[in-house]
Amino acid sequence: MTIWLTSDEHYGHNNIIKYCDRKYSNVYEMDRDLILRHNLFVGSEDTTIHLGDFTFDYKRIPRILQHLNGKHILIIGNHDRPFKKGEEAEKLYREYGFKDVMFEMLMGNVLFNHFPHKGDSKDQERYQQHRPKNTDYVIVHGHTHQKNPVIGRQINVGVDAWQMAPVKLDAILNIASGL
């Protein structure tokens with residue numbers, strides 16, 4: 001069993017193609033390619049931790065998850081329904097197929113959160129109240145849609161930084177050990 005990390009797939013979000021300069025002609029092509037790339041790496045016994053912004057339209061979750069290999073855990077991002085709707089939405093996400101739903105996860109000195117300490121996909125630093133406060137941790141995150149996966153003690157696992165595919169947890173922990 002392998003653990004994979006990914007973020008910011010934005011399944012079904014047509015505007016993300018333009019915002020992030022993704023090389024797709026439409027959302028259907030993007031969704032198909034994301035599923036294909038996921039399944040090229042992730043096996044049926046593997047687990048994928050999605051670090052937020054899985055889909056803008058939560059009703060798509062069961063339709064998407066049924067096509068993705070493995071088990072799935074969600075670390076909530078600002079475009080995921082539990083971000084604003086709380087426990088009831090978390091319960092719904094579990095019913096839709098996520099094994100677990102949480103705001104962050106800690107492994108040793110590595111903190112997994114949708115948000116980095118610094119950086120945003122916009123000019124301003126949004127969601128300050130949700131950003132990790134402890135700067136002693138290496139932060140594994142999404143949210144920024146940056147192409148460079150490592151900036152300082154922050155590692156972005158968003159699909160835009162990893163050729164639209166998940167990355168192995170072991171590879172990220174190896175990078176983190178050198179930061």
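This report describes the nonpolar cores, a surface patch, one helix and one buried loop residue of a predicted model.

## Nonpolar cores

The largest nonpolar core holds 24 residues, and those that touch the most other members are Tyr11, Met30, Phe54, Ile61, Leu68, Tyr93 and Phe98. Helix H1 (15–19), helix H2 (27–41) and helix H3 (61–65) are the elements that give two or more residues to this core, and H2, with four residues, gives the most. Apart from this core lies another, made up of 17 residues, among them Ile49, Val110, Val140 and Ile155.

Tyr93, one of the residues that touch the most other members of the largest core, has contacts that can be listed individually. When residues up to four places away in sequence are not counted, Tyr93 touches Tyr58, Ile61, Leu74, Asp80, Arg81, Pro82, Phe98 and Val101; of these partners, Ile61 and Phe98 are also named among the core residues that touch the most other members.

## A nonpolar patch on the surface

Helix H2, which gives four residues to the largest core, is also the place of Leu40. Leu40 counts as exposed because its relative accessibility is 61%, where exposed means over 50%. Together with Leu36 and Phe41, Leu40 forms a nonpolar patch on the surface, and the three residues have about 330 Å² of accessible area together.

## The two faces of helix H6

Helix H6 spans residues 169–177, and within this helix Leu169, Ile172 and Ala176 are buried. Seen down the axis of H6, the buried residues fall within an arc of 65°, and they therefore line one face of the helix. The face turned away from this buried side carries Asp170, Asn174 and Ser177, which are exposed.

The cover over the buried residues of H6 includes several strands: strand E1 (3–6), strand E5 (104–107), strand E6 (110–113), strand E7 (138–141), strand E9 (154–156) and strand E10 (167–168).

## Asn78, a buried loop residue

Asn78 is placed in the loop between strand E3 (71–75) and helix H4 (82–85). With a relative accessible area of 10%, Asn78 is buried, because the cut-off for that class is under 20%. Not counting residues up to four places away in sequence, Asn78 touches Asp53, Phe83, His114, Phe115, Tyr127 and His143.

Asn78 and Leu68 are 10 residues apart along the chain, and their C-alpha atoms are separated by 22 Å. Leu68 is itself one of the residues that touch the most other members of the largest nonpolar core.

Technical notes:
Residues numbered from 1 in each chain as written. Predicted model: local features only at pLDDT ≥ 70, side-chain atom pairs only at ≥ 80, totals over all residues. Heavy atoms only, no water. Core = buried A, V, L, I, M, F, W, Y, C linked by side-chain atoms within 4.5 Å. Buried < 20%, exposed > 50% of the residue type's maximum accessible area, 1.4 Å probe, protein only. Contact = heavy atoms within 4.5 Å. Patch = residues over 30% accessible without salt bridge, like charges linked within 9 Å, V, L, I, M, F, W, Y side chains within 5 Å. Areas by Shrake-Rupley, 256 points an atom, 1.4 Å probe, with all protein chains shown as cover. Salt bridge = Lys/Arg side-chain N within 4 Å of Asp/Glu carboxyl O. Arc of directions from axis to C-beta.
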